[in-house]
Structures are given as structure tokens and as C-alpha cells.
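Visitor: Could you walk me through this one? I'd like to talk about its sheet, its core and any enclosed space.

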Amino acid sequence: MEREHGRTAGERPPVGQGRHDCPVVLVHGIAAHDRGIHRSPLWGRVPEALEEHGFEVFFGNTDAWGSVEGNGRELARTIDEVLAETGADQVVVVAHSKGGLDVRSALLDPRVAAKVRGVATLSSPHRGMRFCSLLNRSRFLLPHVVSHLVNGWSRLRGDRAPDSIQALRDLTVEGARALADLELDEGRRTLLEAVPFHSFGFRSRQRRYPRNHVAAVVRHLDGENDGLVPLGATAHGRHGVMVAQGRIDHDDCTDRAGRDFELVDEEGSTFRSPAEFVVAVVDDLEAS
């Protein structure tokens with residue numbers, strides 16, 4: 001299990017004394033890493049901002065190219081480890097991109113759902129992407145030979161069970177429907193509805209994206225997007241759209257670039273940076 005500053009249990013105050021009750025687990029999306037020396041700088045200043053606000057911060061410990069089902073199991077183990085280490089009863093989970101689907105897979109287990117105070121997802125394609133469906137059908141970018149190379153490289157960088165072809169399938173419209181069907185089970189639905197789930201999509205006010213060629217293709221297939229993930233796909237649970245003042249990329253909502261830019265929600269509230277926004281969302285979830 002990876003945490004932000006590696007403090008020992010002896011240095012930690014008891015739950016509820018001088019810090020928030022819920023530790024925060026940050027879950028990356030596809031192709032990102034949060035283990036050891038290969039950890040991606042995906043979350044920028046977010047861990048530090050959360051810690052300064054009194055939260056303990058951990059990483060999800062999921063595979064960069066793992067399937068949604070496999071990463072869901074990894075995340076469930078991480079949550080158990082976090083609770084055992086901190087003595088807390090529940091965690092707040094913040095996930096980016098495909099990580100949001102990994103979280104939903106973990107929550108299918110009622111024992112995991114009971115341990116989660118709330119979930120926030122940032123630019124997660126909950127309803128799938130036609131762009132990924134097209135790639136999956138064509139197999140142009142991930143034929144089996146390339147997939148073996150991707151999986152092998154991912155193992156060298158810390159993945160335990162990479163499956164790049166299944167990871168791509170999980171991001172398709174069909175893959176998203178299959179996950180949603182599992183959530184419709186009568187026994188699960190009541191438990192899942194009890195977990196506050198806030199999803200957010202992102203767009204640039206000027207429609208300026210570093211990967212404009214990708215954004216244009218996704219816009220043609222799926223509509224308005226953040227440079228990669230369409231806004232229409234990001235809705236799950238309570239949904240909101242954040243508007244960036246200026247150019248953004250798909251990863252900017254996690255503060256990967258570590259730069260300040262304003263984010264404005266649908267009610268007109270303004271946040272000076274993605275890190276400030278994430279702290280506000282976590283505060284809201286812990287209080288729910």
C-alpha cells in the first residue's frame with residue numbers, strides 16, 4: 001500500500017483528534033502508476049492540499065493497465081489496509097478517468113460499499129465512449145501482439161495483472177452497460193444508493209485542448225469533451241460540470257501540471273485550482 005508521506009502509525013493522532021475521521025484514497029486511471037519509483041505525478045498538489053487540510057492520503061494501488069474487475073479487487077484490498085492502518089471506519093475515494101469504473105466495480109461487494117463514506121469521480125467515462133468502442137472493434141491500436149508488449153512493460157513498472165485489451169473493452173459503451181447491469185441487482189442497489197456518489201465532467205470555456213486532434217475525433221463520435229472523455233459519459237449519481245477558464249487537458253482536473261487555473265461550477269462557485277476543488281469535494285463527501 002502506498003501513502004503520501006510514509007508516516008508511521010506512532011506519529012498519527014487518534015481518529016477524530018486533530019484530523020478528519022475519513023482517510024482519502026486517490027485512484028488513478030488507465031496508463032498511470034502509483035507504486036514505488038514509477039509513480040505517475042498524476043495528482044500534482046492534491047495530496048499535499050488534502051494533508052494540509054487534515055486528511056490522511058493514500059493511493060489506490062491499482063494496475064495501470066488492469067481490467068475494471070481486477071482493479072476493483074485491488075482497490076478493495078487497499079481500502080481494508082487503509083482502515084486497518086488508520087483505525088478509521090470508512091474512507092472517501094476520489095478517482096480519475098477509468099479509476100471511477102474501478103471504484104464502482106469494488107463497490108459491487110457489499111462489504112466494500114459499507115466501508116466507503118463517499119466517492120467523487122473526475123472525468124470518468126461511466127457511460128462508455130464510442131471512440132473506445134471503435135478502437136475495440138478495429139483492434140488497430142491494441143492487437144494481441146501490441147497488447148502483450150504493453151502488458152509486459154506494465155509488469156516491469158509494477159502492474160500485477162495487466163490486461164490492456166480488457167481495459168480497453170471496459171471503456172467501451174458496451175463495457176459500461178455491462179457494469180451498470182451488475183449494479184441493477186436488487187441486493188446491491190440499496191447498498192450502492194446509500195454511498196454518496198458525485199461525478200464531475202470538465203470542459204474548457206474556449207474549447208481549447210492540447211490534444212485537439214483527439215478532442216475533435218471524440219467530439220464527432222461522442223460530443224463535447226475535456227480533450228478525451230465526453231461530458232455525456234461522465235454522469236453517474238449526482239453529476240456536475242466544471243468549466244475551466246482557458247486551455248485544459250484530460251489530466252488537468254487532477255492537478256497533474258501543478259498549475260493554477262479557475263474552475264467554475266454550475267452554481268457559479270469558483271475554485272482557484274484543481275487541488276482546491278478536490279479538497280472542497282472531499283470535505284463535502286465526508287460531511288454527507
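Guide: We can take the sheet, then the core, then the cavity, keeping in mind that this is a predicted model.

Visitor: OK, in what order do the strands of the sheet run?

Guide: The eight strands are arranged as β2-β1-β3-β4-β5-β6-β7-β8 in an open sheet, and their pairing is mixed. Because β2 and β8 (270-271) each have a single partner strand, they stand at the edges, and one side of each is left without a neighbour in the sheet.

Visitor: And how do β6 and β7 pair, parallel or antiparallel?

Guide: The pairing of β6 with β7 (residues 263-264) is antiparallel and runs over two bridges, with Ala244 standing opposite Leu263 of β7.

Visitor: Switching topic, which residues have the most contacts inside the largest nonpolar core?

Guide: Those are Leu26, Leu50, Leu122, Phe202 and Phe277, in a core of 32 residues. Among the elements that give two or more residues to this core are β1 (24-27), α1 (46-52), β5 (197-204) and α11 (274-287), and the largest share, seven residues, comes from α11.

Visitor: What is Leu50 in contact with, leaving aside its neighbours within four places in sequence?

Guide: Leu50 is then in contact with Val24, Leu26, Phe55, Val57, Val279 and Val282. There is also a second, separate core of 22 residues, which includes Phe58, Leu75, Ala88 and Leu192.

Visitor: Last thing, what lines the largest cavity?

Guide: Its lining consists of Phe202, Ile248, Asp249, His250, Asp252, Cys253, Phe261 and Leu263, which by class gives five nonpolar, one polar and two charged residues. The volume of this cavity is about 40 Å³, and the structure holds one cavity of 30 Å³ or more.

Conventions:
Residues are numbered from 1 along each chain as its sequence is written. This is a predicted model: local features need pLDDT of at least 70, side-chain atom pairs count only at pLDDT 80 or more; totals for chains, interfaces and linings use all residues. Side-chain values use heavy atoms; hydrogens and water are left out. A nonpolar core is a set of buried Ala, Val, Leu, Ile, Met, Phe, Trp, Tyr and Cys residues joined through side-chain atoms within 4.5 Å. Buried means under 20% relative accessible area, exposed over 50%, partly exposed in between (1.4 Å probe, protein chains only). Helices (H or I, at least four residues) and strands (E, at least two) are DSSP runs, numbered from the N terminus. Contact means heavy atoms within 4.5 Å. On a 1 Å grid over the protein atoms alone, a cavity is a set of points where a 1.4 Å probe fits but cannot get out, and a pocket is an open set with protein on both sides within 12 Å along at least five of seven lines; lining residues have an atom within 4 Å of a point. Grid points are joined across faces, edges and corners, and a volume is the space filled by probe spheres set on the points. Ala, Val, Leu, Ile, Met, Phe, Trp, Tyr, Cys and Pro count as nonpolar, Asp, Glu, Lys and Arg as charged, and the others, Gly among them, as polar. Two strands pair if DSSP finds at least two bridges between them.
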